[in-house]
Amino acid sequence: MSQKLRAGIVGATGMVGQRFITLLENHPYFEISALAASPRSAGKTYEEALGGRWKLEAKLPESVKDMVVIDAANIDEMAKKVDFVFCAVDMKKDEIRALEEAYAKAEIPVVSNNSANRWTPDVPMVIPEINDSHIEIIESQKKRLGTKYGFIAVKPNCSIQSYVPALTPLLKWRPTEVVATTYQAISGAGKTFREWPEMIDNVIPYIGGEEEKSEKEPLKIWGHIENGEIVKASAPLITTQCIRVPVTDGHTAAVFVRFADKPSKEEILDAWRSYSGKPQALGLPSAPKQFIHYFEEDNRPQVNLDRGLEGGMAISLGRLREDTIFDYKFVGLSHNTLRGAAGGAVEIAELLYREKYLVVSC
């Protein structure tokens, strides 16, 4: 590879921004060239802007400690330093949409961790192993924006990664109804136990907006491109409950599913074991070699044992069995800040790079 692309991180001081920093250190395709955050952080070194709020177990890389943070709204300054940006800002949705579109119109591609543009009809919402072909909608988006290079691509909600990858290989048997309850780690709220002591020895049965996302986003992922828009799938019908639990990292899902054409248990297991996608075919740096892992043990998957499987980018499944009301039930697990957030976005960027949607700025 002759030249790495220059990657900026917008929202660099938050937990997901911090994950981006650790994942991009020594990345074979990308190098961090700019960090951006709110005006109160702008002009400070990254270490000063953090103010002791580094939240990850991995150490803060020396390469970014003295990097001066740019105001995220200063797009002209960012344009001088980056070929594309990852976006993980904490702002109102309408403000995020405006900011991301402003970057795109400035010919800076955006790979977003935010939810604001997930339902924009010509913005691809991608799990690379599942709907890599949706990136083709980018050409329609560029026409709308009037850009040559700039566009927005988004990563879906972190909680659905624990069950949508499991359901995707089963679509040929036409699932009609899905019930999923997700048990979500506190890092999904950008928190640690030190910051959120109320979560110790506690369960909160509500996460704002999460159930609506969990029920609707899979249908866009399983949808198709038509007349310059992504048209969502019409089935299955999905209902969810999303619960915050005292876990650092890792979202677990209890899933129940009914099929129009009920497969055997052996057919389901074979579909899971044999499933792979474009990232595996391309050998993307962040892609797990085996996307879906199934555990035969009754007490797996477990957060402590399995969330870090294949660098936190694999999906862990277990406890598949027939149900007395639905056809089958099973348990899923994904790492919410790796596969579900920064890692998933990095894998999207790797796919976009290999498919020549990300290029060195002229």
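This is a short tour of the structure above, stop by stop, with something to select at each one.

**Before you start**

The model is predicted, so to speak of a local feature requires pLDDT of at least 70, and side-chain atom pairs count only at pLDDT 80 or more, while totals for chains, interfaces and linings use all residues. Residues are numbered from 1 along each chain as its sequence is written, and side-chain values use heavy atoms, with hydrogens and water left out.

**Stop 1: the open sheet**

Select β1 to β6 and switch to a cartoon view. Helices (H or I, at least four residues) and strands (E, at least two) are DSSP runs, numbered from the N terminus. Here six strands form an open sheet with parallel pairing, in the order β3-β2-β1-β4-β5-β6. Two strands pair if DSSP finds at least two bridges between them. Which strands sit at the edges? They are β3 (70-71) and β6 (152-154), each of which pairs on one side only.

Now zoom in on β1 and β4, which pair in the parallel sense over four bridges. To see one pairing position, pick Gly-8: its bridge partner in β4 is Val-85.

**Stop 2: helices on the sheet**

Keep the sheet on screen and add helix α5 (residues 93-105), which packs on it and touches β1, β4, β5 (110-112) and β6. Contact means heavy atoms within 4.5 Å. The direction of α5 makes about 155° with that of β5. For such angles, axes are lines fitted to C-alpha atoms, for helices over the stretch in contact, and the angles run from 0 to 180 degrees between N-to-C directions.

Next, add α1, which lies across β1, β2 (30-37) and β4 and runs at about 160° to β1.

**Stop 3: salt bridges**

Side chains of opposite charge can pair when their charged atoms come close. A salt bridge here is a side-chain nitrogen of Lys or Arg within 4 Å of a carboxyl oxygen of Asp or Glu. By this rule there are 21 salt bridges. Here are some to look up.

- Show Asp-83 and Arg-6 as sticks: their side chains meet in a salt bridge at 3.2 Å, N to O. Asp-83 lies in the loop between α4 (75-79) and β4 (84-87) and Arg-6 in strand β1 (residues 5-10), so the pair ties together parts that are 77 residues apart in sequence. Buried or exposed? Asp-83 is buried, at a relative accessible area of 3%, and Arg-6 is partly exposed at 25%. (Buried means under 20% relative accessible area, exposed over 50%, partly exposed in between, with a 1.4 Å probe and protein chains only.)
- Move on to Asp-249 and Arg-19, another salt bridge, whose closest N and O atoms are 3.9 Å apart. This pair links distant parts of the chain, 230 residues apart: Asp-249 is in the loop between β10 (237-244) and β11 (251-259), and Arg-19 is in helix α1 (residues 15-24). Asp-249 counts as buried at 13% relative accessibility, and Arg-19 is buried at 15%.
- For a network, select Glu-101, Lys-105, Asp-122 and Arg-144, which are linked by salt bridges.

**Stop 4: a bent helix**

Select helix α14 (residues 338-354). Where does α14 bend? The bend, of about 50°, is at Gly-344; it is the angle between axes fitted to the seven residues ending there and the seven starting there. A straight helix of 17 residues would span 24 Å at 1.5 Å a residue, but α14 spans only 21 Å between its end C-alpha atoms. The expected span is 1.5 Å times one less than the number of residues. Show the surface too: α14 is mostly covered, with 16 of its 17 residues buried.

**Stop 5: backbone surprises**

Most residues other than glycine have a negative phi, and most peptide bonds are trans. These places depart from that pattern.

- Ala-235 and Pro-236 are joined by a cis peptide bond, with omega about 5°; Pro-236 lies in the loop between β9 (229-231) and β10.
- Arg-300 and Pro-301 are joined by a cis peptide bond as well, with omega about 5°. Look for Pro-301 in the loop between β12 (292-295) and α12 (303-306).
- Glu-107 has a positive phi, near 65°, and is found in the loop between α5 and β5.
- Glu-310, in helix α13 (residues 309-312), has a positive phi near 50°.
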